Amino acid sequence: MQVRPQAAFEWLWKTAGDVLDGPMRALQRHIGAHRMAYVFLLPNLLVFGLFSFWPMILNFYIAFTGGQSVILADRPLVGLDNFRELLACPSYLDPRTCGVAGYSFWTGLWNTLFFALVQVPLMIVVALATALILNRDIRARGFWRAVYFYPVMLSPVVVAVIWDWILKRRGILNAALEKAVETWNAIAPTFLMMADYRAINWLIDARSGWPMFWVIFVYTWAHLGFYMLILLAGLQAIPRDLYEAAQMDGTSKSRQFWRITLPLLMPTMIVVLVLSLIRAFQVFDEVYVLTGGGPGQATKMMIQHIYESAFIGDAKRYGIAAASSVLVALLLMVLTFLQLAVTRKKAGN
Amino acid sequence: MARLELKQVKKAFGPVEVIHGIDLAIDHGEFVVFVGPSGCGKSTLLRMIAGLEDVTAGEIAIDGQGVNNVPAAERGLAMVFQSYALYPHMSVRQNLSFGLENLKMPKAEIKHRVDEAARMLRLDKLLDRRPGQLSGGQRQRVAIGRAVVREPRIFLFDEPLSNLDAELRVQMRVEIGNLHQRLGNTMIYVTHDQVEAMTMADRIAVLRDGRLEQFGKPLDLYNRPANLFVAGFIGSPRMNFLDGTFEDGAVRLKSGERVAAACQGGKPGQAVKLGVRPEHISLSESGTPDATLSVSLIEQLGGESYLHGTLASGEELSVRLAGQTQVSRGDKVGLSLGTPAARHVFDAASGLVLAPL
Amino acid sequence: MGTGDVIRFLTRTRGRGRLHWSDWLTYAYLILSLLVVVLPIMWMFLSSVKSPAALVENDPRILPYTQLTVPSPTGGRDQNVFVHTRTDGSTVDVAFVGPRGVNARVYELGKPDTVFEVPRTSLARKEVVDPRWENYTEPTLGSTQSRTFNFLRYFWNSTFVTVMATLLTLIVNAMAGFALSKYKFRGRDAMALTIVATLLIPPTVILVPLFMTVSSLGMLNSLWGVIIPTIATPTGVFLLRQYMLTIPDELLEAARMDAASEWKIFWRIILPLALPALSVLAILSVMWRWNDFMWPLIVLTQSEVFTLQLGLSTFKGELNDNMHYLLAMTVLTLLPVTLVFVFLQKHITSGIANTGLK
Ligand SMILES: Nc1ncnc2c1ncn2[C@@H]1O[C@H](COP(=O)(O)OP(=O)(O)O)[C@@H](O)[C@H]1O
Ligand SMILES: [Mg+2]
């Protein structure tokens, strides 16, 4: 007898459902059909409650405890000590004046802020430019869309390994640049010749801004495609006839962009802005694998500070990590509100 | 045997009551049509019978047994939905057998019933197709087939033909009629189309705003409408209504003409409406006409003709004439408003008919 | 389709005759970005079969060239083969025996007895295309000391986590989406709102308490500790609920008339019909779980339970000098997602564009 895969799958599906049908039917008889809604919700609520809601509450409690135990009962209450340690700083702008935990926290905070404020606008501008280009009447749009999106599928670890390899001192970027300079000097007239290229240690050179630059670059490289895709979908949702009407009115291309495209794309832009900002503040994976926060603490981000306080080294400072989380959550909340207020105002006008 | 009884059935969605207490008794084997304008509560009533909506107050009984708290599946009914509600991911055969499988019926019996129903509804060749691969009429037959295989005590139809084009609709009407003949089950059929109601029903229940206006045989409704609403709703084109005052055995129209009416119970001077169906009006050949019509529109259908126009009183009136007519637009023609038996007199205030003699 | 059509198609522009300058700009941008986006990954694929020497030198050639070697006639190390250019311009293949000052001692291939000296400048390496598959096999299967990357184990762990978490995510979220879209009950809207609100709570700010919860449940260093906390995704519930709202209620009622239990309606009617949304969520979930790093990093500390991502990041830390192994392992790690992407590209991009979620 020949078994068609689809028929086999259907049979399997049916049987799997029937196995649970008996008990579920009995339950339904017992509690009534419309209360089955609660039964359907139950697994989700259990997991959600246990692994999202309860930890949220717990976090506040842990923030007020000290010691190194993972067992709640063994953790002594220390009041505001953790917060005091983080916040007792002569100058927040210069983390070196703080204590050990404060140093780590404030460094992470400033780095993250810097990262987010540079990376997000940069990425949105590039993503928008790319989306606009893909929205033109170009050939093989699907192919290009896939090209930009592919890095989004890659894991942060893979992304970091690839770029670490490229950016090593003896990596291919330095090799390529050296070759380029060499070639240029070979063909260029004397007065345009460049000095010989000296390899740069892109990710380790502590005196330059290169490590932060590459962290921002790599992160943008890895996430651009996602936001580009959303913006492209937003662009394609703008009715074509609006542009045709504008063309009939003799509206210039740039005016069409500012007066039609941008306003109609605003809702999508706001989604992209909110999403990318929230993500940027939580940046960890790529940076941690790429630079480990170094050189020194030059690229150490907020979440890395939390992670390392709690899970790295002999002293597991869960209390400090939890207190930092509370502060970060507060910061995110303020930011979200600010954002909402700004967009509200924009929408009002 | 399946007798259905509704006793003071009410339905409220939150604070809004949409069915205001309906009493109805349907006998075994009857084909009953619920008809009424859209939004009057036909579907809601049908869904309460089916068990898909809770009953707010009153009782529904099948064969004398209250079923208010019996789940839909256990009432032994089957329903054909307006959108057909065929399972789009199942073949026709699976659509037909799904319900039987849920009842844990033996495989052989399921196959027998499905094949039987498929033969009867001419679906034999379509059993392996999906609903998406069927025409509207075929989908309709599958939906009916799904009800048939269940061998239900009562069939429920909710506007099953409203998604079909006019020609198919007539054809399906006949098929459903035949089905009823063959199976002899009780059937309840909801429609807003009074032609469907008239042609299919053993008895019609006319609903308006959650109230039962009249329940009776189609011709009874046509010949003896109980009120203005039923009179206006049943029959096409619509019955003409003329204002007037009741005089002994007659109605004095606004134009001053007095037309005899065979009814009783009115008080002299009472404000009434005189109702005459267009097909009962004729051109007056001799004598004084009952009314004079200024013709503003003529529809010539070949076999019959319609005149539309206004009377001297300003009231509008339509006339159906057999055959073709020489009357042309702008003509003034004298009319005879039917025989006294064809004239219906309603109390203008309550809308109720004045009982015929 | 005639030749004219083909030409017109290939030179198709924005409705005007010739390429507008903006078209040139467009294609320039596209080509440039192709270099930036794809070249690094392509180059890594190509480099993953190159020899350590080629990697150290940053050999710019596309194919994996390695220097030809021959067994030493005296039984020592293999000897490298060079092409010797004589003064008259003719060439001969020679094996390198050893240096002597600025000269090299070589013999012609096949004549190991007649060793002679040539200037080193007259020698060029004799190279052949030879993919070095050992980059792949040695760390995964080999018995060498380099075998710190237990690929099969990590692959199995990652697959287990991804498949289990995705299946559970689908079922659990579909059930919740069904309840929230097709039933009326008290607190439903509040619940839907709460779930959407948690979209805004970054999971990173509950790391410590989550760790303690998982630890107190005894799930540290267990794959379930990675799987379970991730399955109730608000994104998934939201996505499925929105989709299920579009399934007509009459279908459910028909099934109820057909004596189906609520569970059966869910399993046999709702799930098959929600397949498009389920597949979007499945793709997202596979992507999330396969690429997860931080949470596994916290929960899993023993290498037997490492996922591919953990294994690779550890491998990177340990073997920064053995680039040839690291690149090969990176390729292995990204291969599954890449294959998925190649086959489901349309699905994935349109799915994500339509839901706007990740
Ligand atoms: N689920 C519901 N919730 C609130 N109102 C409803 C619901 N279903 C129907 N109604 C209202 O009940 C009235 C009757 O509806 P229905 O029975 O569908 O009318 P119809 O006669 O056209 O089938 C309408 O006014 C409708 O708005
Ligand atoms: Mg209806």
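This report walks through chain C of a predicted model and how it meets chains A and B.

## Ground rules

Because this is a predicted model, local features need pLDDT of at least 70 and side-chain atom pairs count only at pLDDT 80 or more, while totals for chains, interfaces and linings use all residues. Residues are numbered from 1 along each chain as its sequence is written, chains are lettered from A and ligands numbered from 1 in the order in which they are written, and side-chain values use heavy atoms, with hydrogens and water left out.

## Chain C on its own

Let's start with the basics. Chain C has 15 helices and eight strands; these are DSSP runs numbered from the N terminus, with helices being H or I over at least four residues and strands E over at least two. Of its 358 residues, 52% count as buried. Buried here means under 20% relative accessible area, exposed means over 50%, and partly exposed is what falls in between (1.4 Å probe, protein chains only).

As for the outside, chain C has an accessible surface of about 16,600 Å², and 63% of that belongs to carbon and sulfur atoms. Such areas come from the Shrake-Rupley method with a 1.4 Å probe, and for residues only the protein chains shown count as cover. Now for contacts, meaning heavy atoms within 4.5 Å: among those in chain C with a separation of 6 or more, 61% are between residues 24 or more positions apart.

## A nonpolar patch

Take a look at C:Leu335, C:Leu339, C:Val340, C:Val342, C:Phe343 and C:Leu344: they form a nonpolar patch on the surface, with about 540 Å² of accessible area together. Patches are made of residues with over 30% relative accessible area and no salt bridge; like charges are joined within 9 Å, and nonpolar side chains (Val, Leu, Ile, Met, Phe, Trp, Tyr) within 5 Å.

One of the patch residues, C:Leu335, lies in helix H15 of chain C, residues 323–355. C:Leu335 is partly exposed, at a relative accessible area of 31%.

## Where C meets A

Here, 102 residues of chain C are in contact with 100 residues of chain A. About 9,000 Å² is buried between the two chains, and carbon and sulfur atoms give 73% of it. That buried area is the accessible area (1.4 Å probe) that two parts lose on being put together, summed over both.

There are three salt bridges between chain C and chain A, each being a side-chain nitrogen of Lys or Arg within 4 Å of a carboxyl oxygen of Asp or Glu. A:Asp18 makes a salt bridge with C:Lys264, with their closest N and O atoms 3.5 Å apart. On the side of chain C that touches chain A, helix H2 (residues 21–47) gives the largest share, 18 residues.

## Where C meets B

This contact takes 15 residues from chain C and 25 from chain B. The area buried between them is about 1,700 Å², with 62% from carbon and sulfur atoms. In chain C, C:Glu250, C:Met257 and C:Asp258 lose the most area to chain B, together 41% of what that side buries.

The interface of chain C and chain B has two salt bridges. C:Glu253 forms a salt bridge with B:Arg47, where the closest N and O atoms are 2.5 Å apart. Helices H10 (249–257) and H11 (262–273) of chain C each supply at least two residues of the side that touches chain B, and H10 gives the largest share, seven residues.
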